[in-house]
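Subject: Structure for you to look at

Hi there,

Here is the structure I promised to pass on. Please open it alongside this email and follow along.

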Amino acid sequence: MRPNARVLPRRERGMTLVVVLIMLVMITLFVVSMVRLTSTTTIVVGNMQAQKVVETEAQQAVEIAVNQFNFFNDALNSTNAWASSATSITAATLWSTYAPSGAGTTAPTTQSTVTVYRPQCIYAAPASGYSALSNVSPQDSTWDVKVTAVDSVTGATTEVHQGLKMRLPAGSC
């Protein structure tokens, strides 16, 4: 026996093994929790992406609508897409009736069900700079265009309201 060697009591033998096993269990639990956290984060990011897609598709429908005067004129006169007092139209109808000039005849592919509602005139006032006695002076009118989009796969939904101001003939609102 070596002179500096210490003899461990019988109870302390194998204690290193127990400590290492406890550390191994702790590290395993940590790794498992990180994997679960990563999968939860992936799900959250996927939901955020689906929501952004739905919002983008709704905003695209709003842009098509507000860039066409006929969209408002037809709603005022209940003609074309707004005939028979329709309260809403689909994105395909919006595209086929009010597509931007130079655009193709087929509507862009969307993964959502996009619905465009009849524009609502919120407020109108006589336009400045015209005679108050004239019955043909235009009005500055404020409109609300509402679009909803629903993705049936992910369940993501959005409702977009776009306000705009237009100068229209008197009595249009």
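Below is what turned up, going from the core to the surface.

A word on the ground rules. This is a predicted model, in which local features need pLDDT of at least 70 and side-chain atom pairs count only at pLDDT 80 or more, while totals for chains, interfaces and linings use all residues. Residues are numbered from 1 along each chain as its sequence is written, and side-chain values use heavy atoms, with hydrogens and water left out.

**The core**

The largest nonpolar core contains 28 residues, and F71, I89, L94 and V147 have the most contacts inside it. Such a core is a set of buried Ala, Val, Leu, Ile, Met, Phe, Trp, Tyr and Cys residues joined through side-chain atoms within 4.5 Å. At least two residues each come from helix 1, helix 2 (69-77), helix 3 (91-98), strand 2 (113-117), strand 4 (139-150) and strand 5 (157-168). Helix 1 gives the most, with seven residues. Helices (H or I, at least four residues) and strands (E, at least two) are DSSP runs, numbered from the N terminus.

L94 is a good place to start looking: setting aside residues up to four places away in sequence, L94 touches A61, I64, A65, F71, I89, A99 and V116. Contact here means heavy atoms within 4.5 Å.

**The disulfide and S141**

There is one disulfide in the structure, a term for a pair of cysteine sulfur atoms within 2.5 Å. It joins C121 to C173, with an S to S distance of 1.5 Å. The two cysteines link distant parts of the chain, 52 residues apart: C121 is in strand 3 (residues 120-126) and C173 in the segment after strand 5. The torsion about the S-S bond of C121 and C173 is about -105 degrees, so this disulfide is left-handed. C121 is partly exposed at 23% relative accessibility, and C173 is also partly exposed, at 45%. For these labels, buried means under 20% relative accessible area, exposed over 50%, and partly exposed in between (1.4 Å probe, protein chains only).

Both cysteines are among the contacts of S141, which also include Y123, A124, L164, K165, M166, L168, leaving aside neighbours within four places in sequence. S141 lies in strand 4 and is buried, with a relative accessible area of 1%. Its C-alpha atom is 6.5 Å from that of A125, 16 residues apart along the chain.

**Salt bridges**

How many salt bridges does the count come to? The count is two, taking a side-chain nitrogen of Lys or Arg within 4 Å of a carboxyl oxygen of Asp or Glu.

- R167 pairs with D140, the closest N and O atoms being 2.8 Å apart. This pair links distant parts of the chain, with R167 in strand 5 and D140 in strand 4, 27 residues apart. R167 is partly exposed at 46%, whereas D140 is buried at 16%.
- E55 meets K52 at 3.5 Å, N to O. Both lie in helix 1, three residues apart, about one turn of the helix. E55 is partly exposed at 28%, whereas K52 is exposed at 53%.

**A surface patch**

M15, V18, V19, I22, M23 and M26 make a nonpolar surface patch of about 560 Å². Patches are made of residues with over 30% relative accessible area and no salt bridge, with like charges joined within 9 Å and nonpolar side chains (Val, Leu, Ile, Met, Phe, Trp, Tyr) within 5 Å. Accessible areas come from the Shrake-Rupley method with a 1.4 Å probe; for residues, only the protein chains shown count as cover. V18 is in helix 1 (residues 15-66) and is partly exposed, at 40% relative accessibility.

Happy browsing!
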